[in-house]
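Please look over these notes on the sheet, the helices that pack on it and the two pockets. Comments are welcome.

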Amino acid sequence: MAFGIKRADLKRWKDEVEGGQIAFLTHFWYDPRFPKAKSVTKVGCNDRKKLSEWGRTYGLQEEWIHERDAYPHFDLIGDKQIEIMKNEGRIGELQKFL
């Protein structure tokens, strides 16, 4: 379940994904399998090849792509989330969720 974002944030992410862009959406998140993680960043793109190639640059495997409706995406959590957001120049988006 997503917390800490506005409907407009989700709409922007969906529009960018549908437009074939690499899109980022970070929100509060809880999953008992990852008790130390407080947030997740969803990185999506409806061009699966483009998303897969982007993920490969960070060591993400294609089979880790979540197929959700028209919004295929990687879920980034923990240290990998921080590393990628720093490398993408998006650490500011993550800070409020840490």
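The points below cover the sheet first, then the helices, then the pockets.

1. Status of the model. This is a predicted model. Please read each point below with that in mind.

2. The sheet. Three strands make up an open sheet. Their order is β1-β2-β3, and the pairing is antiparallel. β1 and β3 are the edge strands, each pairing on one side only. Between neighbouring strands of this sheet the average turn is 20°, direction ignored.

3. The β2/β3 pairing. Strand β2 covers residues 39-44. Four bridges join β2 to β3, in the antiparallel sense. For a point to check on screen, take Val-43: Phe-74 in β3 stands opposite.

4. Helix α1. This element spans residues 7-18. α1 lies across β1, β2 and β3. Its direction runs at about 150° to β1.

5. Helix α3. Residues 78-87 form helix α3, which packs on the sheet. α3 touches β1, β2 and β3. The angle between the directions of α3 and β2 is about 55°.

6. The largest pocket. How much space lies in the largest pocket? The volume is about 210 Å³. Twelve residues line this pocket. Closest to its centre are Leu-10, Trp-13, Lys-14, Lys-42 and Tyr-71.

7. Where that lining comes from. Two elements give two or more residues each to the lining of the largest pocket: α1 and β1 (23-28). Which element gives the most? α1 does, with three residues. So α1 deserves a look twice over: the helix lies across the three strands β1, β2 and β3, and α1 also gives the most to this lining.8. Character of that lining. By class, the largest pocket is lined by six nonpolar, two polar and four charged residues. Lys-14 and Lys-42 are among the residues closest to the centre.

9. The second largest pocket. This pocket holds about 150 Å³ of space. Its lining consists of Leu-60, Trp-64, His-66, Phe-74, Asp-75, Leu-76, Ile-77 and Lys-80. Strand β3, residues 73-76, gives the largest share of the lining, three residues. Five lining residues are nonpolar, one is polar and two are charged.

10. A link between sheet and pocket. Phe-74 appears in two places. In the sheet, Phe-74 of β3 stands opposite Val-43. Phe-74 also lines the second largest pocket.

Notes: Residues numbered from 1 in each chain as written. Predicted model: local features only at pLDDT ≥ 70, side-chain atom pairs only at ≥ 80, totals over all residues. Heavy atoms only, no water. 1 Å grid on protein atoms, 1.4 Å probe; cavity = no way out; pocket = protein on both sides within 12 Å on 5 of 7 lines; lining within 4 Å. Points joined across faces, edges and corners; volume = space filled by probe spheres on them. Nonpolar A, V, L, I, M, F, W, Y, C, P; charged D, E, K, R; others polar. Pairing = 2+ DSSP bridges. Axes fitted to C-alpha atoms, helices over the stretch in contact; angles between N-to-C directions. Contact = heavy atoms within 4.5 Å.
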